[in-house]
Structure formats: structure tokens, C-alpha cells
Amino acid sequence: MPVVPTRSFQDGISEFRNALRFVEKEGDLGTADNEEHFPSVSLQKLAEIGALSATLPVENGGLGLADSPAGMVALSELLRRAGRLSLALGRCLEGHINVVRLVSLYGSAHQRQLLAEYLRQDTLAGIWVTDGVPAVTLVQNGSEIRLAGQKGFASAVQAVGLALITARTEQEDTVMVLVPVGEKARMGPGPGHLTGMSGSGTGSYDFTGVVVPADNIIGKPGDYLRQPEFSAGAWRGSAVALGGMDHLVGLLLEELRARDRASNPHQQVRIGEALILRETASMWVRRAAMAACNPHAETGETVALVNLARIAVEQAALALIPLVQRGLGVMAFVKGRPVEQVMRDLATYLRQPAPDETLTEAAGWFTEHPFPEDRT
């Protein structure tokens, strides 16, 4: 339930936002030499200002960034700036925040405290739900559960210390389980080499034989897919993509200035169009963030607004990529240059599931219901 921030609460968020701006200035935006490497330096910089634990509820020692409009603005800035530093970093941070959110919503007080203890040690959490072969199952024996099977699409597999996974029970239910990870022997290759997002360090993880307390099962069967959180949480990925757009617009301007072409009227048209696309995406991200924390909206409205935002950001980013390519010409296609890598990373990151279904479901909702501003 959203809270009304107190003065000290607001001060904490303000201090965090200021620290976040400093991280962006100090972060290494260069990508040419480390495309395959996980952005551990940038992650450490975020950890140093408390970004990994700031997402916790206030009662667990965090800033409650998902619990108020002011917090959601700061959370949006965190994800956007992470995406600007590195889309791979943004992807992994978004997964970390997803774990915090799910445990906060569906976990017990003890489970929320357990997660907080991990995060205060700057542990990166990951959410791994895509099964490998065989799929992950669990068998409960008294106070313990024994896992078997693999997750085949585990982002940041070598950097994550705590994973929230889905597993199938003997009753054919799907539940969430919080599991400490990090054993090198259990790590394997991912689904193959993607054209972008190599830095996210996606691999596989074998859970066969792992035993954890039965209390590590989070919530009830089916909670992972429960609405509105399952769909509304997509706004966070859009915020990361917006950060990638920030980076790409910055690289376009930087290169045109270096060539003394930024004042060319044709290039200025491209610059203007790029800025419009980015601001369009920014407004939709903010709208989606506010929708996701609105306690008065119907579930269908929240999901529909976030889905519209997801598609709007995707369309803006996909329009930005060829615009940059036209502006920079063949140099935008030189493999290993920052602009070329960011375009590949962004195009790969945007490939989220079921975009057509996402758009039609949102349109279907607003076909039958008034758009929020249209209410009298």
C-alpha cells in the first residue's frame, strides 16, 4: 500500500537522487573494450550509494522507492541512469528490483527481513524463471525442500548471490523460491550468443540437489503471475530502455560535434527528432510509474496504461536507431564502437515477449473504459 512520505523520508529520497547523479557523472560510459564483461564497476558504484538496498520497504531499512509517487520518481531515475551507464547493468538491476518487489508483496515478515539482510551486504538478487532442460521442480520433506532441474536463462549468473526462481511442485503448482546461489560448478552456458546484451552475463544454473528451508517458498502458488504486478512491473524495463536512448542520443550529439556537423540543418532535423522521441518515451515512463503506484485505479487500467507505455517506448527507441544510423552513416556500423554496441544492445533489450498482444489488450481495455483524463 502506498505511503505518504514524511519530511525525513523525502530527505532520504532527495539525498539518494543527488548521489545517483554523481554516479552517472563518474561512471565509465565507454563500451568498446568490455562488451562481453559484466559491468561490475558500475554496479559497485551503485552499491556504494546504497542502490541495492534503497529499493527495500522503509520498515526493512530501505527508502521504499516503490511505495510512493516520490519514491517512484527516484526509482525511475535509478533505472534510467543504470540503463544509460549500461543496458546490461540496467537489465540486471531491474531483475534485482523485481525480486525486492515480489518478496515485499507476497513474502512473510521473516522473508522480507531475510532479503534485507542479503541486500545490506550489497548482494545482487536475480529473478530466474525461464527453465532449462530439465525444468526446475521441488520436493518438500518436512521443513526442507529439495530442488532439481535447471534455469536456462539466468541473467548475471556469475554476479547474482540470491535468486528468486519459479519451481514446479509435486501437485503441479508453480511457486516462487528464494535460493542462495553462486556455486561455480552449477553454472553453465546460456542459450547462445545474442547479438546484443552480452554484458548481462546470461548463463544457466543447475539446482539439482540444492536443499533450502521450506520457509524459502515465497507466497502462494500462482503469485508470480498475479496481476497487476506481473504486467505493471514492465514499466521498470521501459525506464531502463529510456536510459539506453539517453546514451544513444548523447553519442549522436558527441560524434556530430566532433565532426563539426552538429550545426548542419539536416543533422539538426535528426537531432530534433531524436530529442522528441526521447522525451516522448520519458513522458510515457513517468506516466506508467505513476499508474503502477496508484492505489485507486482498477487493475485493468493499471495494466493497460503500463502496456501502452511499454509499446510507446519500444516504438520510440526503434525509431531512434535508424535515425542515428542515417545521421552518422557507415561509422555507426563499425563493430566495437560505442554507438554500434548501444544500438545492438538496445534492439536486443527491446525484444520483450508478446508485443502485439500487449498492445491489443491495452486497446481493448480503453475501448470499454474511459482514458483516465477523460473522466468527469
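How many bridges join β5 to strand β6 (residues 174–180), and do they run parallel or antiparallel? Keep that in mind while we walk through the model; point 2 has the answer.

1. **What you are looking at.** This is a predicted model, in which local features need pLDDT of at least 70, side-chain atom pairs count only at pLDDT 80 or more, and totals for chains, interfaces and linings use all residues. Residues are numbered from 1 along each chain as its sequence is written, and side-chain values use heavy atoms, with hydrogens and water left out. The score called pLDDT is the predictor's confidence in each residue, from 0 to 100. Here the chain average is 92, and 94% of the residues score at least 70.

2. **Strand β5 and its partners.** Helices (H or I, at least four residues) and strands (E, at least two) are DSSP runs, numbered from the N terminus. Two strands pair if DSSP finds at least two bridges between them. To return to the opening question, 7 bridges join β5 to β6, and the two run antiparallel. On strand β1 (residues 124–128), 5 bridges lead to β5, and this pair runs parallel. Find Leu164 in β5: Ile127 stands opposite Leu164, and in β6 the bridge partner of Leu164 is Leu178. The hairpin of β5 and β6 has 5 residues between the strands, and Glu172 there takes a positive phi near 70 degrees.

3. **How enclosed is β5?** A residue is called buried under 20% relative accessible area, exposed over 50%, and partly exposed in between (1.4 Å probe, protein chains only). In strand β5 (residues 160–168), 8 of the 9 residues are buried, so the strand is largely enclosed by the rest of the structure.

4. **Two long-span checks on helices.** The expected span of a helix is 1.5 Å times one less than its number of residues. For the 25 residues of helix α8 (residues 234–258) that gives 36 Å, which agrees with the 37 Å between its end C-alpha atoms. For the 30 residues of helix α10 (residues 299–328) the expected span is 44 Å, and its end C-alpha atoms are 44 Å apart, which agrees. Of the residues of α8, 20 of the 25 are buried, so this helix is largely enclosed by the rest of the structure. The same reasoning applies to α10, where 22 of the 30 residues are buried, so it too is largely enclosed. Look just past each helix: Asp260, just after α8, takes a positive phi of about 60 degrees, and Gly329, just after α10, takes one of about 70 degrees.

5. **The nonpolar cores.** A nonpolar core is a set of buried Ala, Val, Leu, Ile, Met, Phe, Trp, Tyr and Cys residues joined through side-chain atoms within 4.5 Å. The largest one has 89 residues, of which Trp128, Val177, Phe207 and Trp235 touch the most other members. Helix α8 gives the most to this core, with 12 residues. A second, separate core of 16 residues includes Leu56, Leu102, Val103 and Leu164.

6. **Salt bridges.** A salt bridge is a side-chain nitrogen of Lys or Arg within 4 Å of a carboxyl oxygen of Asp or Glu. The whole structure holds 14 salt bridges. One of them joins Glu229 to Arg101, with the closest N and O atoms 3.0 Å apart. Glu229 lies in helix α7 (residues 229–232) and Arg101 in helix α5 (residues 87–106), so the pair ties together parts that are 128 residues apart in sequence. Both residues are buried. Glu229 also bridges to Arg236, at 3.4 Å between the closest N and O atoms. Elsewhere, the side chains of Glu340 and Arg344 meet at 2.5 Å, N to O; both lie in helix α11 (residues 338–349), 4 residues apart, about one turn of the helix. Through shared partners, salt bridges join Glu94, Arg101, Glu229 and Arg236 into one network.

7. **Where to be careful.** Contact means heavy atoms within 4.5 Å. Over residues 1–5 the pLDDT stays under 50, and the model has 10 contacts for them beyond four places in sequence. The pLDDT is also below 50 over residues 27–33, a stretch with 11 contacts beyond near neighbours in sequence. Where pLDDT is low, the predicted coordinates should not be read in detail.
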